Amino acid sequence: LEKEGLLNPARSAFIAAIDIITRPQNNEQRIDKNMEILDKIRQNLGGVLYKMGEFNEAEKQFTLTTDKDFYGQIGLALSASRNGKHPQDVYDAYAKSLDMAKGDQMKSQVLAAMATIAYKVQGGEASKTLLFQSCQLQPPCINALFSLLVLGIKQSDANLIGAAIGEIERFEKEQPPDLVLPCLGDIAWLKSLLLTLQAKHN
């Protein structure tokens with residue numbers, strides 16, 4: 001149901017399933033036996049609620065999940081962020097998901113998200129370190145490359161701007177079309193913005 005975009009029916013189905021498993025007549029031993037199933041249902045329900053914009057309820061479901069996988073932990077981080085939780089709490093949630101991430105592409109994306117939060121909590125240098133770590137993984141998260149460029153512009157750091165542009169151009173040349181094509185509009189816009197700012201400065 002969720003994959004077909006039927007969010008309301010999916011929400012109702014997951015809630016009904018949780019109700020069946022956790023009914024009082026089910027003894028504690030039976031509930032413990034079904035805990036793995038319950039965790040999967042809660043994570044799926046959290047994902048549906050997040051897509052529906054019910055971020056408080058989504059965070060609640062992810063929090064109630066006793067054994068979260070990567071997607072459950074990411075869901076918790078995203079929900080907490082949308083709920084306006086303290087940036088450090090959101091950062092910590094992302095940090096846990098980094099340990100669970102499989103493959104460089106996932107890790108690069110998580111590091112990019114952590115860098116955004118780190119900028120609010122620890123400042124530009126901490127954010128820069130995380131962005132460089134993200135960019136070193138293959139394939140790099142394009143948002144990390146964009147953020148590195150924006151950070152360089154904010155800090156008027158010519159070296160950082162140059163490094164970011166170099167990595168973006170490398171991304172265009174070396175990554176497969178299915179990764180590059182969706183980003184070309186944003187790349188062109190950022191390059192135009194940079195040229196405009198340089199022209200004003202000169």
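Two residues are said to touch, or to be in contact, when heavy atoms of the two lie within 4.5 Å. With that in mind, one residue of this predicted model offers a convenient way in: leaving aside residues up to four places away in sequence, Met114 touches Tyr91, Tyr94, Ala95, Leu98 and Leu130.

Several of these names return when the nonpolar interior is considered, since the largest nonpolar core has 41 residues, of which Tyr94, Met114, Leu130 and Leu149 touch the most other members. The elements that contribute two or more residues to this core are H5, helix H6 (87-100), helix H7 (104-121), helix H8 (124-136), helix H9 (142-154), helix H10 (158-174) and helix H12 (184-201). The largest share, 8 residues, is supplied by H7.

How do H6 and H7 lie against each other? Their axes are 9 Å apart and the two helices pack at an angle of about 160 degrees; because angles over 145 degrees count as roughly antiparallel, H6 and H7 are described as roughly antiparallel to each other. The crossing in which H6 passes H7 is left-handed. On the H6 side, the residues that take part are Pro87, Gln88, Val90, Tyr91, Tyr94, Ala95, Ser97 and Leu98, and they meet Lys107, Val110, Leu111, Ala113, Met114, Ile117, Ala118 and Val121 of H7.

Apart from this core there is a second, separate one of 13 residues, which includes Ala10, Leu38, Ala58 and Leu76. Leu38 leads to helix H3, where it is buried together with Asp39, Ile41, Arg42, Gln43, Leu45, Gly46, Val48 and Leu49. The buried residues of H3 pack against three other helices, namely H1 (7-21), H4 (55-64) and H5 (70-82). The length of H3 can also be checked: its 17 residues (residues 35-51), at 1.5 Å a residue, should span 24 Å, and this agrees with the end C-alpha atoms, which are 24 Å apart. After H3 comes Gly53, which has a positive phi, near 85 degrees.

The packing between H3 and H4 can be followed through a single residue, Gln61, which is found in helix H4. Is Gln61 buried or exposed? Its relative accessibility is 8%, and because buried means under 20%, Gln61 counts as buried. Not counting residues up to four places away in sequence, Gln61 touches Ile18, Arg42, Leu45, Gly46 and Leu49. Gln61 and Gly75 are 14 residues apart along the chain, and their C-alpha atoms are separated by 9.6 Å.

Note on methods: Residues numbered from 1 in each chain as written. Predicted model: local features only at pLDDT ≥ 70, side-chain atom pairs only at ≥ 80, totals over all residues. Heavy atoms only, no water. Helix = DSSP H or I, 4+ residues; strand = E, 2+ residues; numbered from the N terminus. Expected span 1.5 Å × (residues − 1). Buried < 20%, exposed > 50% of the residue type's maximum accessible area, 1.4 Å probe, protein only. Core = buried A, V, L, I, M, F, W, Y, C linked by side-chain atoms within 4.5 Å. Axes fitted to C-alpha atoms, helices over the stretch in contact; angles between N-to-C directions. Parallel < 35°, antiparallel > 145°, perpendicular 65-115°, else oblique. Left-handed = near helix turned anticlockwise from the far one by under 90°.
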